[in-house]
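Thanks for asking me to look this one over. Here are my notes, in the order in which I would open things in the viewer.

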Amino acid sequence: MTPIPKKKAEPEPITKEELTPEEIAELEKTEKEIAIEKEKFMCIVHRGKIVGNIYVCPNCQAIYCQNCAKSLKQKGESCWSCGNEIEIDVSESDAKNNDAM
Ligand SMILES: [Zn+2]
Ligand SMILES: [Zn+2]
């Protein structure tokens, strides 16, 4: 009886083309960091970036920040771009000041 050496049935781990962490990092870099910046809305009144809520003229789509839109409304001014009435609710913030009219 010749002893037959048992071959291991386990398959050898195949060396895949594995990426090293460095390579992976490199790939991720390649996808450019497309930082989708929020569209920068510029208020046409104070000519600056709008922080917070915006008001868009329903007639001409001119963009205001809400503060400017409200102050225009309170001054009785209209849309600077098209002259459309500013359709914004100013009652809640400034109800007190309106009795002078
Ligand atoms: Zn307008
Ligand atoms: Zn503004």
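1. Start with the packing of helix 2, bearing in mind that this is a predicted model. The buried residues of helix 2 pack against two strands, namely strand 1 (54-56) and strand 2 (63-65). Which residues of helix 2 (residues 66-75) are the buried ones? They are C68, A69 and L72. These three lie on the same side of helix 2, because the arc they cover around the axis is only 100°.

2. Now for the core. The largest nonpolar core is made of 11 residues: C43, I50, Y55, C57, Y64, C65, C68, A69, L72, C79 and I86. Strand 2 and helix 2 are the elements that give two or more residues to this core, and helix 2 gives the most, with 3 residues. As background, nonpolar side chains tend to be buried together in soluble globular proteins.

3. I50 is a good core member to click on. What does I50 touch once its neighbours within four places in sequence are left aside? Its contacts are F41, M42, C43, I63 and C65. Of these partners, C43 and C65 are themselves listed in the core.

4. Next, have a look at the loop between strand 1 and strand 2, where A62 has its place. A62 counts as partly exposed, because it has 18 C-beta neighbours inside 10 Å, while 20 or more would make a residue buried. Leaving aside neighbours within four places in sequence, A62 is in contact with I44, C57, C79, W80, S81 and C82. The C-alpha atoms of A62 and S81 are 6.6 Å from each other, although the two residues are 19 apart along the chain.

5. Seen from the other side of that pair, S81 belongs to the loop between helix 2 and helix 3 (91-94). S81 is also partly exposed, because 14 other C-beta atoms lie within 10 Å. Not counting residues up to four places away in sequence, S81 touches I44, C57, C60 and A62. I44 and C57 thus appear among the contacts of A62 and among those of S81. S81 and I63 are 18 residues apart in sequence, with 9.4 Å between their C-alpha atoms.

6. A few backbone angles deserve a glance. Most residues other than glycine have a negative phi. R47, however, has a positive phi near 55°; R47 sits in the loop between helix 1 (21-30) and strand 1. Is R47 buried or exposed? R47 counts as exposed, because it has 8 C-beta neighbours inside 10 Å, and 12 or fewer is the cut-off.

7. Q61 is another residue with a positive phi that is not a glycine, at about 65°. Q61 lies in the loop between strand 1 and strand 2, and with 10 C-beta neighbours inside 10 Å it counts as exposed. G76, which follows helix 2, has a positive phi as well, near 80°.

8. Finally, a word on confidence. The mean pLDDT of the chain is 79, and 70% of its residues reach 70 or more. Where does pLDDT stay under 50? That happens over residues 33-37, for which the model has 0 contacts beyond four places in sequence.

Methods: Residues are numbered from 1 along each chain as its sequence is written. Chains are lettered from A and ligands numbered from 1 in the order in which they are written. Helices (H or I, at least four residues) and strands (E, at least two) are DSSP runs, numbered from the N terminus. The arc is that of the directions from the helix axis to the C-beta atoms. Two residues are in contact if their C-beta atoms, placed from the backbone, lie within 7 Å. pLDDT is the predictor's confidence in each residue, from 0 to 100. A nonpolar core is a set of buried Ala, Val, Leu, Ile, Met, Phe, Trp, Tyr and Cys residues joined through C-beta atoms within 7 Å.
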